[in-house]
Amino acid sequence: MQLPFEAMIGLRYLRAKRRNGFISFISLISVLGIALGVAALIIVLSVMNGFQKEIRGRILGAAAHIEVSDYQGHVANWQGLQQFLLKQPRVQAAAPFVSAQGLMSFGGTVRGAMVRGVSPALESHVVDIGRHMVAGSIDSLKPGGFGIVIGNQLALQLGVTLGEKVTLITPEGNITPAGMMPRLKQFTVVGIFKMNMYELDASFAMIDLQDAQVLFRLGNDVTGVRLRLDDVMAAPAVKAQLQGVLNQNAMVSDWTDMNSNYFRAVQIEKRMMTIILTLIVAVAAFNLVSTLVMVVTDKQADIAILRTLGAAPGSIMSIFMIQGAVAGVLGTLSGVVFGVLGAWNIDALVSVIEHITGSKLLSPEVYMIDYLPTDVQWADVSMITIVSLLLALFATVYPSWRASRTQPAEALRYE
C-alpha cells in the first residue's frame with residue numbers, strides 16, 4: 001500500500017542530508033530528551049509505587065486492618081464486642097489487645113517501646129507477625145509466664161538474647177511514702193521477630209494479654225479489638241459501616257488512619273514528582289519546536305515548489321506534523337522501553353552505584369527499608385505514554401502552521 005505523499009515527504013525529511021547535519025543532530029537531541037524524560041518518570045513512579053506497596057505490606061504485618069476501641073481508653077465486656085464484630089460482613093477474624101508505652105531496661109541500657117498485650121491464639125489470625133520470628137515463638141507467651149517478644153533491633157540495642165530477662169517500666173506508678181514510684185516488672189525474652197521495618201523492629205514488643213491487664217491495671221478490660229478483613233482495601237468502607245452500628249463511644253480506625261501521615265506524604269511526593277518530571281518531558285517535547293522551525297526555514301524552497309504544484313496548505317502542515325509526530329513517537333516508545341527495563345532491574349543499578357560510592361544508598365533507619373522496591377503499574381506507563389505523545393504532537397502545531405502559511409512567490413524570489 002502506497003503512503004500518502006504527505007507521509008512520504010515527512011518521513012524523508014527525517015533523514016537529513018549532509019548539509020543539514022546540524023538539524024538532524026538537534027532532532028536526535030529532542031528524541032533523546034523525550035526518551036530520557038519518559039524513562040525517568042516511569043522509573044521514579046515505579047520506585048515510589050514499590051515503596052508504597054512494600055511499606056504497606058510490612059505495616060499490615062503488625063497492624064490490623066481495623067481497630068475498634070473506646071474514647072475512654074479501655075473496653076469492658078470485650079468478649080461480647082468481639083462476637084458482635086465477627087458477625088459483621090467481610091470480618092474474618094477478631095482479637096483483643098492492650099496497648100501502652102513503657103521503658104525496657106537491660107544491663108544499664110534503657111529503650112522506649114510500644115508494648116502490646118495479645119492473645120497468641122487469636123493474634124495469629126489477625127496479623128502475620130508470627131511468620132517473621134527469627135528466634136523463639138509468639139506461642140511461648142503464656143498467661144502468668146511474663147514472657148515478652150521483641151524486635152531484633154530492640155534486642156540488639158539492649159544487648160539481650162533469647163531467655164534473658166529484661167525489666168519493663170510502666171508509666172503507671174505506685175504511691176509510696178517516698179512518693180510516686182514507677183512500676184517495674186521483669187519479663188523473659190521468649191521470642192525475637194524481624195519485620196525488616198526499622199520502626200517496628202526497634203520499638204515494638206508483645207506480652208500476653210492477661211499479663212498486660214495485670215501490669216497496666218486494667219482488670220478484665222482491654223484497649224480494644226483488632227480485626228482482619230477479607231479485603232484490606234475495603235477497610236475504609238467497613239469502618240464507615242461499623243461506625244453506624246456501634247455506640248457513639250466506640251472509636252473505629254482502619255490501617256489508613258493509623259498510618260495516614262505516611263501514606264499522605266507518599267501521595268503528595270508522588271504527585272509532585274509526576275508534575276516535575278512531566279515538565280522535563282514537556283521541555284524535551286518542545287525542543288521539537290526549534291527543530292521544526294529550522295526545518296521549515298531550510299525547506300522554504302521545497303514548500304514553495306509543492307505549493308506551485310498544487311499542494312494545499314493543509315497538506316504542507318501535515319508533512320511537518322508527521323515529521324514531528326514520528327520524532328515524538330520514537331522518543332516516547334524508546335523511553336517506555338528503557339524505563340520499564342530500568343524499573344525491573346533497579347537492584348542491579350543500585351548495586352553498581354553502591355559499589356562505586358562505597359556507601360549504602362538507603363539507610364533503614366531513615367527509609368524503613370534498605371533496598372529499592374519497584375512496582376511497574378501499567379496504568380502509570382499508559383498515562384505517561386499518552387501525555388508524552390500529546391505534548392509532542394502539540395509542539396508540532398505552530399511550526400507546521402507557519403510552514404502552511406509560506407507564500408510561493410516570496411519563498412522563490414531569491415532562488
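## A buried charged pair

Let's start inside the protein: R226 is buried, with a relative accessible area of 0%. This comes from a predicted model, so please read the values here as computed ones. The partner of R226 is E123, and their side chains form a salt bridge with an N to O distance of 3.2 Å. E123 is buried as well, at 1% relative accessibility. Both residues count as buried because the cut-off is under 20% relative accessible area, and R226 has 0% while E123 has 1%.

In sequence the two residues sit 103 residues apart, with R226 in strand β9 and E123 in helix α4 (residues 120–123), so this pair links distant parts of the chain. E67 joins in too: E67, E123 and R226 are linked in a network of salt bridges.

## K239 and its two partners

A search of the whole structure finds 6 salt bridges, and K239 takes part in two pairings worth a look. With D254, the closest N and O atoms of the salt bridge are 4.0 Å apart. K239 lies in helix α8 (residues 235–245) and D254 in strand β10 (residues 250–254), so this salt bridge ties together parts that are 15 residues apart in sequence. Both K239 and D254 are buried.

With D257, the side chain of K239 forms a salt bridge at 2.8 Å, N to O. Here the link runs from helix α8 to helix α9 (residues 255–258), where D257 lies, 18 residues apart. How buried or exposed are the two ends of this pair? K239 is buried, with a relative accessible area of 16%, whereas D257 is partly exposed, with a relative accessible area of 33%.

## A buried acid without a salt bridge

D221 is found in the loop between α7 (209–215) and β9 (224–229). D221 is buried yet has no salt bridge. Which side chain of opposite charge is nearest to D221? That is R217, and R217 is 13 Å away.

What does D221 touch, then? Leaving aside residues up to four places away in sequence, D221 touches H74, V75, A76, V98 and Q213.

## Two helix pairs

Helix α10 (residues 260–298) and helix α15 (residues 378–395) have axes that come within 8 Å and cross at roughly 35°. The crossing of α10 past α15 is right-handed. On the α10 side, the contact is made by K270, T274, T278, V281, A282, A285, F286, L288 and V289. On the α15 side, D380, M383, V387, S388, L391, A392, F394 and A395 take part. By class, this contact has 12 nonpolar, 3 polar and 2 charged residues.

Helix α11 (residues 300–308) and helix α12 (residues 313–344) pack at an angle of about 145°, and their axes are 10 Å apart. α11 also passes α12 in a right-handed crossing. I303, L306 and R307 of α11 meet P313, I316, I319 and F320 of α12. The classes here are 6 nonpolar, no polar and 1 charged residues.

## The whole protein

Stepping back, the protein has 17 helices and 10 strands. Of its 415 residues, 47% count as buried. Among contacts with a separation of 6 or more, 80% are between residues 24 or more positions apart. The salt bridge of R226 and E123, 103 residues apart, is one link between distant parts of the chain.

Definitions and conventions: Residues are numbered from 1 along each chain as its sequence is written. This is a predicted model: local features need pLDDT of at least 70, side-chain atom pairs count only at pLDDT 80 or more; totals for chains, interfaces and linings use all residues. Side-chain values use heavy atoms; hydrogens and water are left out. Axes are lines fitted to C-alpha atoms, for helices over the stretch in contact, and angles run from 0 to 180 degrees between N-to-C directions. Helices (H or I, at least four residues) and strands (E, at least two) are DSSP runs, numbered from the N terminus. A crossing is left-handed if the near helix is turned anticlockwise from the far one by less than a right angle, and right-handed if clockwise. Contact means heavy atoms within 4.5 Å. Ala, Val, Leu, Ile, Met, Phe, Trp, Tyr, Cys and Pro count as nonpolar, Asp, Glu, Lys and Arg as charged, and the others, Gly among them, as polar. Buried means under 20% relative accessible area, exposed over 50%, partly exposed in between (1.4 Å probe, protein chains only). Lys and Arg count as positive and Asp and Glu as negative; His and the chain ends are not counted.
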